[in-house]
Amino acid sequence: MDYQFKDIEQKWQQFWADNQTFKAEDKSTKPKYYVLDMFPYPSGAGLHVGHPLGYIASDIFARYKRLKGFNVLHPMGYDSFGLPAEQYAIQTGQHPAITTEANIATYRRQLDQIGFSFDWSREVRTSSPDYYKWTQWIFMQLFNNWYNKDADKAESITKLVAHFEVSGSAGLNAVCDEEAASFTAAEWKAKNNNEQQEELLKYRLTYLRESTVNWCPALGTVLANDEVKDGFSERGGYPVEQKKMMQWSMRITAYAERLLQGLDKIDWPEPLKEMQRNWIGKSIGASVKFPISPSQPSPEGRALNEADNKVSPTGGDLEGGAIEVFTTRVDTIFGVTFLVIAPEHELVAELTTPAQKAEIDAYIAQTKKKSELDRMADAKTVSGAFTGSYVINPLNDEKVPIYIADYVLAGYGTGAVMAVPSGDQRDFLFAKHFDLPIIPILDTQNITDEADPTKEGKYINSLFINGLVYKEATAAVVAKLEELGLGKAKVNFRMRDAIFGRQRYWGEPVPVYFKDGLPHLISESDLPLLLPEVDKYLPTESGEPPLGRAEGWAYTAPSKSPPVGETSPSHEAGNYRETADPVYYEQLKDYSRENRNQPTPAEDILWQFLRKEQTGFKFRRQHAIDQYIADFVSLEKGLVIELDGHHHRLSKEADDARTEILNHFGFEVLRFANDEVLQNPQKVFEKVKEKLEALPERDKTHFIGDQKVSPTGGDLEGADGAEYAYELSTMPGWAGSSWYWYRYMDAHNNKEFASKEAIEYWKDVDLYIGGSEHATGHLLYSRFWNKFLKDLDLVVEEEPFKKLINQGMIQGRSNFIYRVFFRPWGGELFEDADSVKKTTPPLFASFSLAQKIKNGELLSDDIKELITEQLGEHAADKYNISQVAFVQRSHVDVNIVQNDILDIQQFKAKYLREYPEAEFILEKDNYICGHEVEKMSKSKFNVVNPDDLITRYGADTLRMYEMFLGPLEQSKPWNTNGIEGVFKFLRKFWRLFHNEAWAFTVSDAEPTKAELKSLHKIIRKVEEDVERFSFNTSVSSFMIAINELTDLKCNNRKVLQDLVVVLASYAPHICEELWTLLGNQAGTLSYATYPKFNPAYLVEDEFAYPISINGKTKMNLNISLSLEPKDIEAFVLANTDVQRYLDNKQPKKVIVVKGRIVNMVI
RNA sequence: GCUCAGAUGGUGGAACUGGUAGACACGCAGGACUUAAAAUCCUGUUCCCGUAAACGGAGUGCGGGUUCGAUUCCCGCUCUGAGUACCA
């Protein structure tokens, strides 16, 4: 029978599934090998032809390793939490779990038909409770640990508490928040539980802290740095802004050095390692404190500082009297002529003198207006402002002015730099602009036009380092600074802690509840904390994450009532603490602050009337009451004023519910429409005044201290089994993918994330294949979590992925058609030409004709001639051919184009409605399409679906063709054109086993020398190629081998049987079929033995030496390989043809490389 | 700007440690079979000069260098792609 790929492939896929052929053994005497693919997010679009590229490569490798006698773990699963399913849920109301389930089914079907050798018994899904139970469990371990720098590893929080109890914060070398306080053991013991918890939170490896985050309003969530590209969200491309919020973070910075060092020990692509190094961004330098010159720190400075309700961080006040900078060139300290601090620097207000205040305020206002993008675009213009204050250079006592400028970033180093205009180009430009001195500090420096950052030469103008060279000078300066107690050598990292919370629904719930505003872990026995059902997948009306909608989303304390904590810290007094529901307090505080900072125009106007007690009563705006944020409220009178049309306002019912609750808490609600306020604010103001006068004092009995009303209506007070609200954020997408490779080792364990034995057997991933887009996300976080788990002795390897390969991106190859228009004027087609489009029947010109029309080489008359010639006598009549011709290009579905030739029949059927009565002007009887390489996407009609190709050619052909396309790591455009060649090859291979009548026929004769040579060549070649991941070249070699054996008319059983094993990892279905036809037991091929290469079969006794003259090959001569160079030289020189080339002259020199070449110099 | 990767026929690409540049495949051209088309098979196919062949010349982004010999090593440059960016 001819090669019936469809039947064969279905048969074997069924067989593998039924027999669990690829199930890895948990224990084995064989050596282990772990081949892992980056598991996919199951998107609704299904797989396109680019997705399986890496999977095919890893599958070939896994199958090859099985043949080489390894116990191979080759699993697959789904990274099934994520945004698209949730966005879809928001639009349609369909639960993300249902969408995800459906998408996974599609993925599974598509993966199965490619014939992968995955061990599906170990499948994982990050969104399955069995799985995310352990993601939550690992989160809990992170919460329960801190980083001890002395031990250089994570240690239990109980150990930290023990340290505090014995010696307070003294002698502790920990990675922690900057605000961590110093205290003695006695002070520690004097703290109450909440205060202690608050302090411990500053050390935990996952912690809650107010931090500047990337907020994406369109997605309604924060994003990690690696999820933001150029100021836009990676998913969806929405704008991202900076914002302060209470957020969960992961203290990945604790591992910065280990993450950096580990890169040297793993076999990863260099560019990828480089990206991680840049991301970690280690710079070695020094920190220096510049004492503030005692002249005249502004007395109003402090009063003007709005952030009064914040505790000033240590060292951030004038008592210490110094500004700390970080520099990588401490040797240039004598060249410092000014200091620059970030506009957001905490000392700005205090340093600003009254005389400079206006200028500084204006500058700050100006920078605030600039978006991140503007700031980047503006990089070249110099801007800044003088504060009026000075610091003292500690090494030469010079008075140095302090400026603010936005080229200094608040988030890096200390947010302050010492400016050395002679050595740094930005400082140089700044100095020129503000006319500040520029002092050369090295005798080799040339600073006439620009800064010279050289380290060469000897120091000048630099007191005690004059005459020294760079290394000596740096050491001397650091030593001096240390002596003075004003500086020390310091290492800085660019990497920030990773933001961990997401204000979204479809993710792992954080196993945390809040008590007295502090996070507490739930009990381990309550894991998994299941994702609750919600009515909608949107934020609540008060702006809380979707989980805020879940009913009863609260933790029931397992035993007796927890001790009632102290009331809020004093600096919160006078705020809305007393009216807000304490459970939501922290969150509400953030949202209300955000709202205050972004008032709507109507709010702004109304506020002008209500502020400063103009009504006779004090009003607060964006004030939290219970779970809501009121637009304006008078607490004395209990009057809430609400404006409609604020961005988070939803429906009438919601408003009514809100009014009811507010009434319940003793508030009257007054509502105004935005337009009312905008059109007649005076009238609104009068109404407010009237109402205030009519109202009695508010009844405050609802809010007494921390005695609270539960958000769900139940009464918490003092009862056993009291309820505390759960965290409302969920975990980010990278949580589940940061440890999944361990779950595959022991996927069904319900006692541990994976058993000790399983981890000790499988250890780590030997080969990991995936895209480089995960360089600073998944791959960095995974290394971080792995190191953490290693510190806890839960895993055995420091690095999770020994070898990693990035498969290249498959780009799309779009095809274009060219529509011809005629109209009275020429040039491009604009939108206004719609009428022309509609009234003219579609006429398309083949590619090169279209080019000629575009270039004016083919005019209307020529076109008419072509139409008449190709379409008939009067065909041209329906076009306005007397007018000027021009063309418009549009995408055409690549699936109806083959080798750039358009299938006109299919086109007419497909585009019947869009282009009725379409006509085509052909070249050489074909319609040739234009082409271009673009991203593969639906909108470009260039998506090639693997299903179609499998239907047409089969999975084996697809697998081999994807490999044949080019080197695995290289990005390349998809082009289906060559696939026929691979298909022909497989047919030819099938043919070897069959006679003319397609009957299976093999001979049992002894193989000939030539047959064995071909066979062993390919045995060796595939071995070499697979080991170095050069899959494309082995496909070529297979073709060569089959071509040779076809020429030899080989149907020798021994040769063919080995050949089947060699090809089996590339084209498993056809090989399984032939393997059984050869008389082997079905299904044994996957665990057969790879044939042993025998070099004896490749030994030649002659070699066709290339004979070259002056390096140019002239001819070949067959010479016995037993001849030594001397004899070869004599033999070659004796040859008459050689003599002819030499013109009978004696060559100056003859080079003979045995088995390679003969070269003569004349 | 910085860092990294890359540049070879009409196309995808091969040439592994410096040793016959263009393997393998697509495409194209010609031919066989066929009433015809498809499919299949055969031959040719880097470019230039030459009627064809023999033969000759050029040739791996550009310019130089090392070498008997360079796609491969070194120096300088151009272009393309990726990452990153006032990081002190």
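## Helix packing and RNA contacts in a predicted model

The crossing of α32 and α35 is left-handed, and it makes a good place to start looking around this predicted model. Helix α32 covers residues 979–992 and helix α35 covers residues 1053–1064; the angle between them is about 150°, and their axes lie 11 Å apart. Because angles over 145 degrees count as roughly antiparallel, α32 is described as roughly antiparallel to α35. If you turn on the side chains here, you will find F985, F989 and L992 of α32 touching L1056, L1059, V1060 and L1063 of α35. By class, this contact of α32 with α35 holds 7 nonpolar residues, with no polar and no charged ones.

Let us now move to another pair of helices. Helix α18 (residues 601–610) packs on helix α21 (residues 681–694) at an angle of about 50°, and the axes are 10 Å apart. With that angle, α18 is oblique to α21. The crossing of these two, α18 over α21, is right-handed. On the α18 side, the contact uses I605, L606, F609 and L610, while α21 brings P681, Q682, V684, F685 and V688. Sorted by class, the contact of α18 with α21 counts 8 nonpolar residues and 1 polar residue, and no charged residues.

A third pair sits earlier in the sequence numbering: helix α3 spans residues 83–92 and helix α4 spans residues 96–112. They pack at about 125°, with 8 Å between their axes. That angle makes α3 oblique to α4, and the crossing of α3 and α4 is right-handed. Here A85, E86, Y88 and A89 of α3 meet P96, T99 and T100 of α4. The residues in the contact of α3 with α4 are 4 nonpolar, 2 polar and 1 charged.

Next, follow RNA strand B. There are 50 residues around RNA strand B, and T328, Y412, R426, L965 and Q970 come nearest. By class, the surface near RNA strand B is made of 21 nonpolar, 16 polar and 13 charged residues. Which helix gives the largest share of the surface near RNA strand B? Helix α34, residues 1031–1047, supplies that share with 6 residues.

Turning to the strand's own atoms, 62% of those within 4 Å of the protein belong to sugar or phosphate, and the rest belong to bases. Three polar contacts illustrate both kinds of partner. On the phosphate side, an N or O atom in the side chain of N1043 is 3.2 Å from a phosphate oxygen of RNA strand B. On the base side, an N or O atom in the side chain of N1159 is 2.7 Å from a base oxygen of RNA strand B. For L409, by contrast, the partner is a backbone N or O atom, which lies 3.0 Å from a base nitrogen of RNA strand B.

Finally, two spots in the backbone deserve a look. Most residues other than glycine have a negative phi, and most peptide bonds are trans. Where does a cis peptide bond occur? One joins L527 and P528, with omega of about -10°. You can find P528 in the loop between β20 (518–521) and β21 (554–556). The other spot is L463, a residue other than glycine whose phi is positive, near 45°. L463 belongs to the loop between α15 (425–434) and α16 (470–484).

Terms used: Residues numbered from 1 in each chain as written. Chains lettered and ligands numbered in written order. Predicted model: local features only at pLDDT ≥ 70, side-chain atom pairs only at ≥ 80, totals over all residues. Heavy atoms only, no water. Axes fitted to C-alpha atoms, helices over the stretch in contact; angles between N-to-C directions. Helix = DSSP H or I, 4+ residues; strand = E, 2+ residues; numbered from the N terminus. Parallel < 35°, antiparallel > 145°, perpendicular 65-115°, else oblique. Left-handed = near helix turned anticlockwise from the far one by under 90°. Contact = heavy atoms within 4.5 Å. Nonpolar A, V, L, I, M, F, W, Y, C, P; charged D, E, K, R; others polar. Near = heavy atom within 4 Å. Polar contact = N/O pair within 3.5 Å; in protein donor to acceptor, adjacent residues only side chain to side chain.
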